[in-house]
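Student: I would like to take a close look at a single part of this model. Please show it to me first.

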Amino acid sequence: MAKPNKIYSVLFNKCPRCGEGDFFVTKSAYNLRNFDKMNRYCPHCGADLVPEPGFYQGALYISYALYVAFMVIYFLIFVNFFREYLDYFLASIIPMLVILTPLFYRMARRTWLALFIKPVSSEERSA
Ligand SMILES: [Zn+2]
């Protein structure tokens, strides 16, 4: 198989090393009981998904960047296409951010780990 793609693994809940094992236990970010449960090791290649205690504190910065990017894009959409409804922007921004929290939480963690793990194809792993 070709080398796993980091963007793919971040977007589709996959291990950044092999691109095949699941990163979070549940597929959906909206499983309210278990959305934050991670696999300790990749179920496919065995990569350590928690390299050290407190590793994911750094994901905070990614999460912050995701929220800011979302708010800027959301605002630009309103200003360009729905300028007469800017009140709705203000009324909807907080609920939107709350709804997106599980999604951004998971994406931030996957991005943070993907920054530190090199993708390895299955041939390289077995060699
Ligand atoms: Zn893996």
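Student: Where does G58 lie, and what surrounds this part of the chain?

Tutor: This is a predicted model, in which local features need pLDDT of at least 70 and side-chain atom pairs count only at pLDDT 80 or more, while totals for chains, interfaces and linings use all residues. Residues are numbered from 1 along each chain as its sequence is written.

G58 lies in the loop between α1 and α2, where helices are DSSP runs of H or I with at least four residues, numbered from the N terminus. G58 is partly exposed because 16 other C-beta atoms lie within 10 Å; by this count, with C-beta atoms placed from the backbone, 20 or more would make a residue buried, 12 or fewer exposed, and anything in between partly exposed. Although G58 and R109 are 51 residues apart in sequence, their C-alpha atoms are 8.5 Å apart in space.

W112 is in contact with G58, and also with Y56, A59 and I62, leaving aside its neighbours within four places in sequence; contact here means that two C-beta atoms, placed from the backbone, lie within 7 Å. W112 is also among the residues with the most contacts inside the largest nonpolar core, which has 15 residues, such a core being a set of buried Ala, Val, Leu, Ile, Met, Phe, Trp, Tyr and Cys residues joined through C-beta atoms within 7 Å. The elements that give two or more residues to this core are α2 and α3 (86-116), and the largest share, five residues, comes from α3.

The loop between α1 (6-11) and α2 (59-81) also holds N13, which has a positive phi of about 60° although it is not a glycine.
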